[in-house]
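Me: I have a structure open and do not know how to read it. Can we go through some features together?

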Amino acid sequence: LVTVAPTELTTVGTQTITVSYSGLITTFDVTVKEDIITLTTNLPAESFSQKGSRRTFDVIARDADGNKLPVSDVKVTLNGAAVNPNWDDAVKTSYTLKFTKAGENTLVVNARGKKGLTYTINYTPVAAGETIGQAVVTVEAFTLGGGYIIEPTYVDIYEGDSTANALVKLLTESGFTYSNTGSIESGFYLSEILGSQLAKIDVTG
């Protein structure tokens, strides 16, 4: 029978592990690091106003070594109801909030039950089709030596619309076609654009 003591490492610092088997005993030291978590989002402030009924934001959660935490370690709730992620990659996880209650809403982002952020969002409903803000959209190929394909352009965002829809509308109006994964409504990823304007780009650099 092999015995190991201690069986749990709950104290930060150097600890000695003792292993016993058939009268033989050996020890070795291990270093237990503090479970330091950094947790950030791209939301504008701890308290802010919101006109649109939807808002997508990013969460970046990392451990003490700078590794991104798995999405299962991060919990997001809006007014106590769980919010599921709609995008996850090696850098960040994205969530889309859907507001149904006018006035004060509470958003909580928590990592491993140890690190938490709380936001107060004051939601003002507006009519469908009403302008709720603007986004700056640009398409460029600087790394290929092509400069701007579409110069930085302000586009209006409307209630019930999405930034993905604003992007593809601008591409279409500018004479481009495109391919994507996901959908305009959820998980949109622009994978390709096509158009005669791209012929001037020298992909060899």
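Reply: We will take a sheet, the cores, a helix, an aromatic pair and one polar residue in turn. Keep in mind that this is a predicted model.

Me: Let us begin with the sheet. Which strands form the open sheet of four strands, and in what order?

Reply: Start with the general idea. Strands of a sheet pair through backbone hydrogen bonds, either parallel or antiparallel. Here the order is β4-β6-β10-β9, and the pairing is antiparallel. From one strand to the next, the twist averages 25°.

Me: Which strands stand at the edges?

Reply: β4 (38-41) and β9 do. Each has a single partner strand, so one side of each lacks a neighbour in the sheet.

Me: How many bridges hold β6 and β10 together?

Reply: Six bridges, in the antiparallel sense. For an example, find V59: T93 in β10 stands opposite it.

Me: And how is β9 joined to β10?

Reply: Through three bridges, with the two strands running antiparallel. P85 has Y95 in β10 as its bridge partner. The two strands make a hairpin, with four residues between them.

Me: Now the interior. Which residues have the most contacts inside the largest nonpolar core?

Reply: The general idea comes first. In soluble globular proteins, nonpolar side chains tend to be buried together. In this model the largest nonpolar core has 21 residues, and F57, V76, L97, L107 and V109 have the most contacts inside it. At least two core residues come from each of β6 (54-62), β7 (74-78), β10 (93-98), β11 (103-111) and β12 (115-123).

Me: What does L97 touch, beyond its neighbours within four places in sequence?

Reply: L97 is in contact with S53, R54, R55, F57, L78, V83, L107 and I121. There is also a second, separate core of 14 residues, which includes V139, I150, V168 and F188.

Me: V168 makes me think of the helix. Which residues of helix α1 are buried?

Reply: Use this rule for helices. An α-helix has 3.6 residues a turn, so residues three or four places apart point the same way. In α1 (residues 163-173), the buried residues are A164, A166, L167, V168, L170 and L171.

Me: What do those buried residues pack against?

Reply: Four strands: β13 (131-140), β14 (148-158), β15 (177-181) and β16 (189-194). After α1 comes G175, with a positive phi near 90°.

Me: What about aromatic rings? How many aromatic pairs are found in the whole structure?

Reply: Four. One of them is formed by W87 and Y189, and it is stacked. The ring centres are 6.0 Å apart, with 10° between the planes. W87 sits in strand β9 and Y189 in strand β16, 102 residues apart, and the pair links these distant parts of the chain.

Me: Why does W87 count as partly exposed?

Reply: Its relative accessible area is 34%, and partly exposed runs between 20% and 50%. Y189 is partly exposed as well, at 45%.

Me: One last residue. Is Q50 buried or exposed?

Reply: Buried, because its relative accessibility is 6%, and the cut-off is under 20%. Q50 lies in strand β5 (residues 47-50).

Me: What lies 3.3 Å from a polar atom of the Q50 side chain?

Reply: The backbone oxygen of R54. Leaving aside neighbours within four places in sequence, Q50 also has contacts with R55, F99, I121, N122, Y123 and T124.

How values were computed: Residues numbered from 1 in each chain as written. Predicted model: local features only at pLDDT ≥ 70, side-chain atom pairs only at ≥ 80, totals over all residues. Heavy atoms only, no water. Buried < 20%, exposed > 50% of the residue type's maximum accessible area, 1.4 Å probe, protein only. Polar contact = N/O pair within 3.5 Å; in protein donor to acceptor, adjacent residues only side chain to side chain. Contact = heavy atoms within 4.5 Å. Core = buried A, V, L, I, M, F, W, Y, C linked by side-chain atoms within 4.5 Å. Pairing = 2+ DSSP bridges. Axes fitted to C-alpha atoms, helices over the stretch in contact; angles between N-to-C directions. Phe/Tyr/Trp six-rings, centres within 6.5 Å; stacked < 30°, edge-to-face > 60°.
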